[in-house]
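This report describes selected packing features of the structure shown below, moving from one buried site to a helix pair and then to the nonpolar cores.

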Amino acid sequence: MTINVLIAGINGATANTVVVGTTLGVDRELTGGSILASLDPEQLTQFPSIEEIRFAGWDIGDGGDALDVAKKYDILPSSVLGRADAVPVNVYRPAVTAHDVEELAGALPILEAQDQVQGVRDNIKQFATASNSPSKSIVVYLAAPGKVVDQDVLDWNEGDFEVAIKSNDPRITSGMIYCYSALSEGCGFIDFTPTATLEIRALRDMAERLRLPIAGRDGSTGQTLLKSVIGEMMRNRSLKVDGWYSTNIIGNNDGLVLSRRDHAEIKTADKMDVLIPVLGYDDFDHVVDIRYYRPRGDNKESWDAVDFSGWHNQKMSFRIDWMGRDSILAAPLVLDLVRLVYRSMELERGGFQAHLDIYFKRPLGKGWRPFSHMYNDLKEQVKADSMN
Ligand SMILES: NC(=O)c1ccc[n+]([C@@H]2O[C@H](COP(=O)([O-])OP(=O)(O)OC[C@H]3O[C@@H](n4cnc5c(N)ncnc54)[C@H](O)[C@@H]3O)[C@@H](O)[C@H]2O)c1
């Protein structure tokens with residue numbers, strides 16, 4: 001069995017790191033940062049292995065061989081990049097250039113929504129046909145962060161959505177096109193980005209009706225992950241958080257896109273919303289600031305200053321300085337998600353996969369809960385799925 005993984009944004013830093021790091025990686029290197037790798041290996045025998053994955057995708061940027069792209073990013077170590085002369089990958093164009101990414105799309109023509117859907121569906125079919133063994137396909141959305149969408153759009157039912165596609169409604173976003181096309185072609189869909197795609201009723205209903213798994217949104221790789229763990233500890237220790245000040249400096253293309261206020265709005269909201277459900281109260285100050293700072297590149301730095309009160313209301317504080325490599329932290333999570341979603345496809349478990357909430361900043365399954373609870377949910381479901 002083969003897993004066809006088609007990534008929207010395949011030339012981006014995260015996707016390219018996934019593709020090249022997986023293709024050129026050796027066993028031990030591929031477990032660092034994976035949540036699945038921390039579980040009992042006996043329970044993973046029913047899950048596909050990383051070797052069964054083949055990659056393709058779409059991008060609006062300039063392409064080239066994936067290894068050349070990786071060398072420009074300089075994210076993976078040179079010892080890995082030196083293991084091959086090329087990493088050829090199918091990059092499909094013209095890609096989706098819905099209105100939300102018009103300004104990022106450069107000279108590419110803006111197609112009617114129906115034609116964008118048809119193009120994506122054709123590519124998914126083409127790639128599956130080229131597979132030598134029986135295969136299932138999963139679409140992973142790793143393109144630019146989306147903009148906020150109207151409540152009306154979130155409430156669209158399947159019929160409304162069809163009408164919107166046919167009439168080329170300007171509120172249709174790139175994420176919606178990929179998701180709708182993926183589900184129409186019987187694929188699972190993972191949204192690793194801050195976009196409102198999977199909050200749209202029509203797409204959720206479609207996934208449930210077709211028994212196709214969906215998972216999102218916005219991968220939790222650094223600061224939010226820390227908040228979910230440290231917040232849980234503060235709550236269990238009855239240390240009252242009075243304020244949490246978070247800054248992020250990031251110098252990659254994602255940081256550049258996020259420096260546009262309309263693209264940052266969802267990301268900031270995703271980062272803000274973790275603390276209330278984890279702490280169990282909302283009477284504290286919470287500031288989240290994201291800044292593009294080119295010299296930092298993909299090596300994001302985030303600072304957190306936390307003010308809290310203890311016995312007799314005495315005030316204290318602590319600081320965290322997280323220096324994470326964004327794509328290195330994200331890539332193993334994307335691979336985990338692909339393997340987990342694939343297993344859900346085999347079991348025909350459609351709709352949101354609540355056991356995957358641990359992977360996201362805005363978990364759309366059961367919502368935010370302390371990290372240890374989400375870890376437990378994952379562990380239990382993997383155990384159950386290993387017996388099926
Ligand atoms: N790396 C992480 O730690 C992390 C964590 C959470 C979320 N994310 C999200 O994942 C996404 C990817 O991050 P990145 O650092 O790789 O960003 P990136 O800017 O390097 O890559 C995005 C890629 O998507 C392409 N693209 C944009 N619109 C497209 C479209 N409509 N169709 C096809 N391609 C399109 C761009 O050309 C670019 O190559 C971002 O939305 C980011 O916010 C990343």
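## The site of His355

Where does His355 lie with respect to strand S11 and H14? In this predicted model, His355 is found in the loop between strand S11 (351-352) and H14. With a relative accessible area of 6%, His355 is buried, because the limit for that class is under 20%. Not counting residues up to four places away in sequence, His355 touches Ser344, Arg349, Asp377, Leu378, Gln381 and Asp385.

## Packing of H9 and H14

Helix H14 (residues 371-387) packs with helix H9 (residues 223-236) at an angle of about 110 degrees, and their axes are 8 Å apart. The two helices are therefore roughly perpendicular to each other, since angles of 65 to 115 degrees fall in that class.

On the H9 side the contact is made by Leu225, Ser228, Val229 and Glu232, and on the H14 side by Phe371, Ser372 and His373. Sorted by class, this contact of H9 with H14 has three nonpolar, three polar and one charged residues.

## Nonpolar cores

The largest nonpolar core has 92 residues, of which Phe161 and Tyr359 touch the most other members. Helix H13 (residues 326-346) gives the most to this core, contributing 11 residues. A second, separate core of 12 residues includes Leu226, Leu239, Phe284 and Val306.

Leaving aside neighbours within four places in sequence, Tyr359 is in contact with Ile35, Leu36, Asp218, Gly219, Ser220, Leu333, Asp336, Leu337, Leu340 and Leu378. Leu378 is thus named both among the contacts of Tyr359 and among those of His355.

Methods
Residues are numbered from 1 along each chain as its sequence is written. This is a predicted model: local features need pLDDT of at least 70, side-chain atom pairs count only at pLDDT 80 or more; totals for chains, interfaces and linings use all residues. Side-chain values use heavy atoms; hydrogens and water are left out. A nonpolar core is a set of buried Ala, Val, Leu, Ile, Met, Phe, Trp, Tyr and Cys residues joined through side-chain atoms within 4.5 Å. Buried means under 20% relative accessible area, exposed over 50%, partly exposed in between (1.4 Å probe, protein chains only). Helices (H or I, at least four residues) and strands (E, at least two) are DSSP runs, numbered from the N terminus. Contact means heavy atoms within 4.5 Å. Axes are lines fitted to C-alpha atoms, for helices over the stretch in contact, and angles run from 0 to 180 degrees between N-to-C directions. Angles under 35 degrees count as roughly parallel, over 145 as roughly antiparallel, 65 to 115 as roughly perpendicular and the rest as oblique. Ala, Val, Leu, Ile, Met, Phe, Trp, Tyr, Cys and Pro count as nonpolar, Asp, Glu, Lys and Arg as charged, and the others, Gly among them, as polar.
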